[in-house]
Amino acid sequence: MEYRRVKDQESYDDLSQKDVESLSGRSLSSVNATATGLSSAGGAKGKSNWKLKSVVTLALTLLTSSQAILIVWSKRAGKYEYSVTTANFSVEALKCLLSLAALFRTWNRHGVTDDNRLTTSFDEVSVYPIPAILYMVKNLLQYYIFAYVDAPAYQILKNLNIISTGVLYRIILKKKLSAIQWAAFILLCAGCTTAQLNPSSDHVLQTPIQGWMMAIVMALLSGFAGVYTEAIIKKRPSRNINVQNFWLYIFGVIFNLVAICVQDYDAVMNKGFFHGYSFITVLMILNHALSGIAVSMVMKYADNIVKVYSTSVAMLLTAVVSVFLFNFHLSLAFFLGSTVVSVSVYLHSVGKLQPQK
């Protein structure tokens with residue numbers, strides 16, 4: 001009997017061991033399957049994000065590089081036959097419609113929530129007129145600066161807004177800049193100056209003082225408007241970006257309408273709102289509108305390095321295209337200057353102070 005009891009106990013132990021091994025095998029298989037599924041999902045998500053960043057980067061690069069070219073190309077006999085105030089108004093109206101369409105799409109997909117509702121409270125709406133009027137003045141100056149600079153020079157001088165933005169970040173948002181970023185500012189100034197050197201003329205710089213002054217004013221306006229807008233966005237980070245864009249653009253529409261009445265009222269009433277418009281003018285308006293939306297997409301789906309690469313590549317693309325369209329002379333000074341500017345923009349991006357842990 002004792003022998004039988006021992007044999008039964010051994011059989012029970014063997015069965016228990018097999019059950020444990022079987023359960024362990026199943027658990028390991030489940031864990032492996034789960035890990036594989038998560039890995040596949042993470043890989044698919046990462047691949048999707050990479051594709052989105054690539055599309056946004058390519059779009060922003062093409063839009064940025066063609067912006068100055070289209071403005072210059074829209075001229076006839078060296079002047080604008082259309083009203084620049086109506087063009088600016090059309091850009092803001094189109095951006096407003098695009099933001100509203102995106103907002104309707106969000107409402108259909110996710111419903112109306114506190115974060116995507118179009119509220120008209122004074123506390124929220126009252127902050128948008130200041131950046132809207134700054135952007136309006138800056139965008140109008142963008143047309144007049146081409147009386148003094150060509151498209152490639154404009155793309156170079158446009159990078160001055162990095163300096164104004166950095167200084168205003170320090171003053172307004174109390175953000176510290178690293179030593180690398182300050183060095184990048186100096187390189188940027190040197191690169192802009194080098195690109196404008198004119199060895200074949202008595203004038204040291206190709207761009208006259210009026211062009212430099214307008215570029216500096218545009219940089220200050222763009223920098224202050226950008227910092228102010230960022231402060232508004234970060235005040236309520238959960239707020240839907242299309243709601244914020246809508247209010248910014250609607251005030252842009254209002255201010256540009258005032259500019260039309262002040263500057264071009266008689267011309268618009270006598271000749272019509274779209275007098276002098278051409279296919280290139282329409283492309284230019286579409287380009288400006290999509291550029292504004294693309295910047296918002298970059299801020300939401302990509303990162304600052306995307307803007308760095310887009311800016312650097314856009315300068316070179318503008319210069320190359322201008323050689324064929326406007327007989328632009330690609331000098332050694334311009335090439336070296338644009339290279340220095342590209343390096344300084346990159347250093348400014350990677351030289352950010354890291355938060356202390």
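Me: Which residue does Asp 114 meet in a salt bridge?

Reply: Quick heads-up: this is a predicted model, where local features need pLDDT of at least 70, side-chain atom pairs count only at pLDDT 80 or more, and totals for chains, interfaces and linings use all residues. Residues are numbered from 1 along each chain as its sequence is written, and side-chain values use heavy atoms, with hydrogens and water left out. A salt bridge means a side-chain nitrogen of Lys or Arg within 4 Å of a carboxyl oxygen of Asp or Glu. Here the N to O distance is 2.8 Å, and the partner of Asp 114 is Arg 117.

Me: Is Asp 114 buried or exposed?

Reply: Buried means under 20% relative accessible area, exposed over 50%, and partly exposed in between (1.4 Å probe, protein chains only). Its partner Arg 117 sits at 34%, so Arg 117 is partly exposed. Asp 114 has 54% relative accessibility, so Asp 114 counts as exposed.

Me: How many residues apart in sequence are the parts that Glu 124 and Arg 239 tie together?

Reply: The side chains of Glu 124 and Arg 239 meet in a salt bridge, 2.8 Å from N to O. Glu 124 lies in helix H3 (residues 122–125) and Arg 239 in the loop between helices H8 (209–235) and H9 (241–263), so the parts they tie together are apart in sequence by 115 residues.

Me: How many helices does the chain have?

Reply: Helices (H or I, at least four residues) and strands (E, at least two) are DSSP runs, numbered from the N terminus. The strand count is zero, and the helix count is 13.

Me: How far apart are the end C-alpha atoms of helix H4?

Reply: The expected span is 1.5 Å times one less than the number of residues. With 16 residues (129–144), H4 should span 22 Å, and the model agrees, because the end C-alpha atoms are apart by 23 Å.

Me: Which salt-bridge partner of Glu 92 is about one helical turn away?

Reply: Glu 92 is buried at 6% relative accessible area, and its partner is buried too, at 9%. The closest N and O atoms of the pair are 3.3 Å apart. Being three residues apart in helix H2 (residues 84–110), they are separated by about one helical turn, and the partner is Lys 95.

Me: How many disulfides are there?

Reply: A disulfide is a pair of cysteine sulfur atoms within 2.5 Å. Cys 96 is buried at 7% relative accessible area, while Cys 261 is partly exposed at 45%. By that rule, the disulfide count is zero.
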